[in-house]
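I sat down with this one to see how its helices pack and where a pocket opens. Here are my notes, in the order I looked things up.

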Amino acid sequence: MNTMPHELVWGEIYFPPLLLVVALAYMLTILTGSIATKFGLHKYVAFPALAEISLIVIFTGVIGQFIPIL
């Protein structure tokens, strides 16, 4: 039997687990971007918005391996 809930409950509002995963991925992307800016790596990125979206997708996939999304 699977004891993992399919939704996250906050008060009386139900959230899908994917929303939590994407929020964590976005926070990690912001952290990675600020570290890259601190070390001067941002000048090597041609399209910053595309790089940020790509990092969100990568982090979502990695975190999704550890937190069951479905």
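**Entry 1: Ile53**

I began with Ile53, which counts as exposed because its relative accessibility is 53%, and the cut-off for exposed is over 50%. This is a predicted model, so I read every value here as computed from the prediction. Ile53 sits in helix α2. I also looked up its distance to Thr29: the two are 24 residues apart along the chain, and their C-alpha atoms are separated by 8.7 Å.

**Entry 2: helix α2**

Next I took the helix that holds Ile53. I found that α2 runs over 48-66 and has 19 residues. From its first C-alpha to its last, α2 reaches 27 Å, close to the 27 Å expected at 1.5 Å a residue.

Which residues of α2 are buried? I noted Ile56, Phe59, Thr60, Ile63 and Gly64. Seen down the axis of α2, these buried residues fall within an arc of 135°, so they line one face of the helix. The face turned away from that buried side carries Leu50, Val57, Ile58 and Gln65, which are exposed. When I asked what covers the buried residues of α2, I found α1 included in the cover.

**Entry 3: helix α1**

That sent me to α1, which spans 17-38. I read 22 residues for α1 and a reach of 32 Å from first C-alpha to last, close to the 32 Å expected at 1.5 Å a residue.

The buried residues of α1 are Pro17, Val21, Ala25 and Thr29. Why do I place them on the same side of α1? They cover an arc of only 110° around the axis, which puts them on that same side. On the other side of α1, I found Met27 and Lys38 exposed.

The cover over the buried residues of α1 includes β1 (8-10), β2 (13-15) and α2. After α1 comes Gly40, and I wrote down that its phi is positive, near 80°.

**Entry 4: Ala25**

I picked Ala25 from α1 for a closer look. Is Ala25 buried or exposed? Ala25 counts as buried because its relative accessibility is 0%, and buried means under 20%. Leaving aside neighbours within four places in sequence, Ala25 is in contact with Ile56, Phe59, Thr60 and Ile63. I was pleased to meet these names again, since Ile56, Phe59, Thr60 and Ile63 are among the buried residues of α2.

I also checked Ala25 against Ile13: they are 12 residues apart in sequence and 22 Å apart in space, C-alpha to C-alpha.

**Entry 5: Phe15**

Then I turned to strand β2, where Phe15 has its place. Phe15 counts as partly exposed because its relative accessibility is 26%. Not counting residues up to four places away in sequence, Phe15 touches Glu7, Leu8 and Trp10.

**Entry 6: the largest pocket**

I finished with the pocket search. The largest pocket has a volume of about 290 Å³. Of the 13 residues that line it, the closest to its centre are Gly33, Ala36, Pro48, Ala51 and Leu55.

Which helix gives the most to the lining of the largest pocket? I found that α1 does, with 6 residues. Both α1 and α2 supply at least two residues of this lining. By type, I sorted the lining of the largest pocket into 7 nonpolar residues, 5 polar and 1 charged.

Methods. Residues are numbered from 1 along each chain as its sequence is written. This is a predicted model: local features need pLDDT of at least 70, side-chain atom pairs count only at pLDDT 80 or more; totals for chains, interfaces and linings use all residues. Side-chain values use heavy atoms; hydrogens and water are left out. On a 1 Å grid over the protein atoms alone, a cavity is a set of points where a 1.4 Å probe fits but cannot get out, and a pocket is an open set with protein on both sides within 12 Å along at least five of seven lines; lining residues have an atom within 4 Å of a point. Grid points are joined across faces, edges and corners, and a volume is the space filled by probe spheres set on the points. Helices (H or I, at least four residues) and strands (E, at least two) are DSSP runs, numbered from the N terminus. Ala, Val, Leu, Ile, Met, Phe, Trp, Tyr, Cys and Pro count as nonpolar, Asp, Glu, Lys and Arg as charged, and the others, Gly among them, as polar. The expected span of a helix is 1.5 Å times one less than its number of residues. Buried means under 20% relative accessible area, exposed over 50%, partly exposed in between (1.4 Å probe, protein chains only). The arc is that of the directions from the helix axis to the C-beta atoms. Contact means heavy atoms within 4.5 Å.
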